[in-house]
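User: I would like to go through this model a few points at a time. Please keep the answers short.

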Amino acid sequence: MKIFKISLIFILILSGLYFFMTNSLLAEQAGSEDIIIYTKPVKAVSFNHKAHSEDYGISCNICHDKLFQMEASNVEKKGDFNHKSFSKGKYCGACHDGKKGFAMDKQCTRCHIGAKGLNKTGKK
Ligand code: HEC
Ligand code: HEC
Ligand code: HEC
């Protein structure tokens with residue numbers, strides 16, 4: 001009877017450990033792309049996903065799926081990923097209006113890393 005109890009406890013610990021490990025693996029996968037580089041319509045804009053979701057403490061559901069799909073570069077296919085949309089509060093413009101985040105009418109190079117910056121990342 002005692003051996004049965006001990007092995008039951010052992011199994012519980014093991015399955016707890018397994019659950020914990022798969023969970024942290026999933027979390028790691030979710031943040032697999034730390035920095036996303038946009039090249040359309042212009043080369044190149046850098047978006048630090050990790051900084052936005054971790055350092056600035058913005059929760060996932062603020063951006064997903066209202067502003068962005070959970071797929072890197074999906075938004076580039078939409079044809080309206082531009083400043084006209086941003087100024088109407090779409091995509092990055094939902095926050096970068098000078099209130100929640102820095103405004104987009106100056107400090108262009110904080111986002112636009114240009115062709116030189118792109119070459120440094122190795123992504124063409
Ligand atoms: C500030 C906005 C923002 C926040 C907060 C945010 N994301 Fe994202 N996420 C994005 C953008 C932008 C993309 C890229 C979408 C695109 O390019 O079309 C993205 C892409 C993704 C992808 C796809 C990555 C890939 O390699 O294809 C996953 C998965 C994801 N986010 C999960 C999350 C999770 C989980 C959280 C919360 C911990 C989160 N995101 C928080 C903006 C955000
Ligand atoms: C949900 C709100 C939100 C969205 C959407 C968002 N940002 Fe930000 N972003 C912030 C905040 C908050 C900060 C930190 C405060 C600041 O510097 O303005 C920040 C900081 C930044 C910075 C400076 C530091 C860094 O992380 O590299 C850049 C560049 C940036 N954002 C680019 C973008 C781009 C490009 C997009 C669209 C693809 C975007 N952001 C979408 C809220 C947002
Ligand atoms: C908060 C980040 C951010 C800031 C600041 C920013 N941009 Fe952009 N910009 C983007 C994103 C994202 C795109 C679309 C993705 C791409 O073209 O690679 C874009 C696209 C563009 C485009 C092509 C599409 C269009 O709207 O015509 C031009 C031109 C441009 N930006 C110029 C500028 C100039 C000039 C400034 C400074 C006055 C500036 N940007 C500031 C993020 C930013």
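User: Which residue follows α6, and what is its phi?

Analyst: This is a predicted model. Helix α6 covers residues 114-121. The residue that follows α6 has a positive phi, near 85 degrees, and is Gly122.

User: How many of the 8 residues of helix α6 are buried?

Analyst: A residue needs 20 or more other C-beta atoms within 10 Å of its own to count as buried. Helix α6 is hardly covered, and its count of buried residues is 0.

User: Which helix gives the largest share of the shell around ligand 3?

Analyst: The shell around ligand 3 has 19 residues, and Tyr38, Asn82, His83, Cys108 and Cys111 come nearest. By class, this shell divides into 9 nonpolar, 6 polar and 4 charged residues. The largest share, 3 residues, comes from residues 108-111, that is, helix α5.

User: Around ligand 1, how many residues of the shell are charged?

Analyst: Ligand 1 is surrounded by 21 residues, with Glu33, Cys60, Cys63, Asn74 and Val75 the closest. Helices α2 (49-55) and α3 (60-63) each supply at least two residues of this shell. Its nonpolar residues number 11 and its polar residues 8, while the charged count is 2.

User: Where does Ala44 lie, and what is omega of the peptide bond that joins Lys43 and Ala44?

Analyst: Ala44 is in the loop between β1 (35-38) and β2 (45-48). Most peptide bonds are trans. The bond joining Lys43 and Ala44 is cis, with omega about -10 degrees.

User: What is omega of the peptide bond from His64 to Asp65?

Analyst: Asp65 is placed in the loop between α3 and α4 (83-87). The peptide bond from His64 to Asp65 is cis, and its omega is near -5 degrees.

User: Is Ser73 buried or partly exposed?

Analyst: Ser73 lies in the loop between α3 and α4. Its phi is positive, near 75 degrees, in a residue other than glycine. Ser73 has 14 other C-beta atoms within 10 Å, so it is partly exposed.

User: Is Gln107 buried or exposed?

Analyst: Gln107 is in the loop between α4 and α5. Most residues other than glycine have a negative phi, whereas phi of Gln107 is positive, near 50 degrees. The cut-off for an exposed residue is 12 or fewer other C-beta atoms within 10 Å. Gln107 has 11 C-beta neighbours inside 10 Å and therefore counts as exposed.

Key: Residues are numbered from 1 along each chain as its sequence is written. Chains are lettered from A and ligands numbered from 1 in the order in which they are written. This is a predicted model: local features need pLDDT of at least 70, side-chain atom pairs count only at pLDDT 80 or more; totals for chains, interfaces and linings use all residues. A residue is near a molecule or strand if its C-beta atom, placed from the backbone, lies within 6 Å of it. Helices (H or I, at least four residues) and strands (E, at least two) are DSSP runs, numbered from the N terminus. Ala, Val, Leu, Ile, Met, Phe, Trp, Tyr, Cys and Pro count as nonpolar, Asp, Glu, Lys and Arg as charged, and the others, Gly among them, as polar.
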